[in-house]
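Trainee: I should like to take a close look at a single part of this model. Would you please guide me through one helix and the aromatic rings connected with it?

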Amino acid sequence: MKKENLEKIQGMLELKTRKWWFLLVFILIGTLTPPIVTKGYDPSKTGEIIFYILKNALIKYCSPLYPVFKIIPIILIFALILFGNRIGRIFSLYAGINYLLFAFLQGISITDEYGFGVVTGNFILMMLVAIFWFWEAFVNKNDFTPQKLPIIRYWVVPLAFLAFWYPINLESMEPDFNLAYLFTNPAGLAFCTMTPVYLGILTLYHPKVNIVTLRVTSLLGVLIGFWNMVGNFLMEPNILWWNGVLHLPLVFISIYALVLSFRRTRSVETIKEVKWWMAKRYTQFL
């Protein structure tokens, strides 16, 4: 496909994802889509079913893979710092694969009580985010050329590091600052702990990034972050308070990234060009 056509598609995606109806549909899918379970359930217990599926998701059976998915992002981040754009496509491709895994490993469970279960809204939206990361790997809009930034822009780094480290004892849910967790816990396969890392990196290179990928990823981060705040701080604060604290990076960085994605940057010029092109094509049929 010609570069000119890719730019037009990118511009249209930027234009459409800015629309109020896109945001509304996105939020409705994430909040109102009912879960699917093969053994059925009482609709009044939808919240309980979703919590049950998330608690018993397939990720709990993937412990042998935990170190692999902690080491790979560490290597990719250092490679991105050292080699910049030469590693950009690989980084985006890995992120896309990661979001696919989030959808399947965190959105699906197989249990005796409910059979095959899917948190449908999360699954659909994580798949959508994965598609936009694959799109970025194809069009390569992210520019990872080093640039001088005000020191304040680096506030995302310690929060992203905290999320990736995820210093918690998964049995007691109490704080546990064991450095081994940087390499051994499930954070590398979890949406809530890897999304602050991906978004944090994009914000450090903003505005020279794929705005659509930034916007859709951060929008889902805000949505899932909100429900995590409800679950951790309102439903079971005595047990899950520290887990809630460790999800604050997801909330703060996602909100920040979402705001950045709507700031007027050079992408606005692309959108104007697309509008002009669409108007021109329309007049040809009159």
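Mentor: What follows is an account of one helix, its buried residues and its aromatic rings. This is a predicted model, in which local features need pLDDT of at least 70 and side-chain atom pairs count only at pLDDT 80 or more, while totals for chains, interfaces and linings use all residues. Residues are numbered from 1 along each chain as its sequence is written, and side-chain values use heavy atoms, with hydrogens and water left out.

The part in question is helix α7, residues 156–165. Helices here are DSSP runs of H or I with at least four residues, strands are runs of E with at least two, and both are numbered from the N terminus. The buried residues of α7 are Val-156, Ala-160, Ala-163, Phe-164 and Trp-165. Buried means under 20% relative accessible area, exposed means over 50%, and partly exposed lies in between, with a 1.4 Å probe and protein chains only. These buried residues pack against α4 (68–83), α8 (181–184), α9 (191–205) and α12 (248–261); contact means heavy atoms within 4.5 Å. After α7 comes Tyr-166, whose phi is positive, near 50 degrees.

Two aromatic residues of α7 deserve attention. Lys-70 lies over the face of Phe-164, at 4.0 Å from the ring centre. A charge sits over a ring if NZ of Lys or CZ of Arg is within 6 Å of the ring centre and within 35 degrees of the ring normal.

Trp-165 is buried, with a relative accessible area of 12%. The rings of Trp-165 and Phe-177 have their centres 5.8 Å apart and their planes at 65 degrees, so the pair is edge-to-face. Rings of Phe, Tyr and Trp (its six-membered ring) pair if their centres lie within 6.5 Å; planes under 30 degrees apart count as stacked, over 60 as edge-to-face and the rest as tilted. This pair links distant parts of the chain, since Trp-165 belongs to helix α7 and Phe-177 to the loop between α7 and α8, 12 residues apart.

For comparison, a search of the whole structure finds 21 aromatic pairs. One of them joins Trp-135 and Phe-138, whose ring centres are 6.1 Å apart and whose planes stand at 45 degrees, so this pair is tilted. Trp-135 and Phe-138 are 3 residues apart in helix α6 (residues 120–139), and therefore separated by about one helical turn. Trp-135 is buried, at 17% relative accessible area, whereas Phe-138, at 48%, counts as partly exposed.
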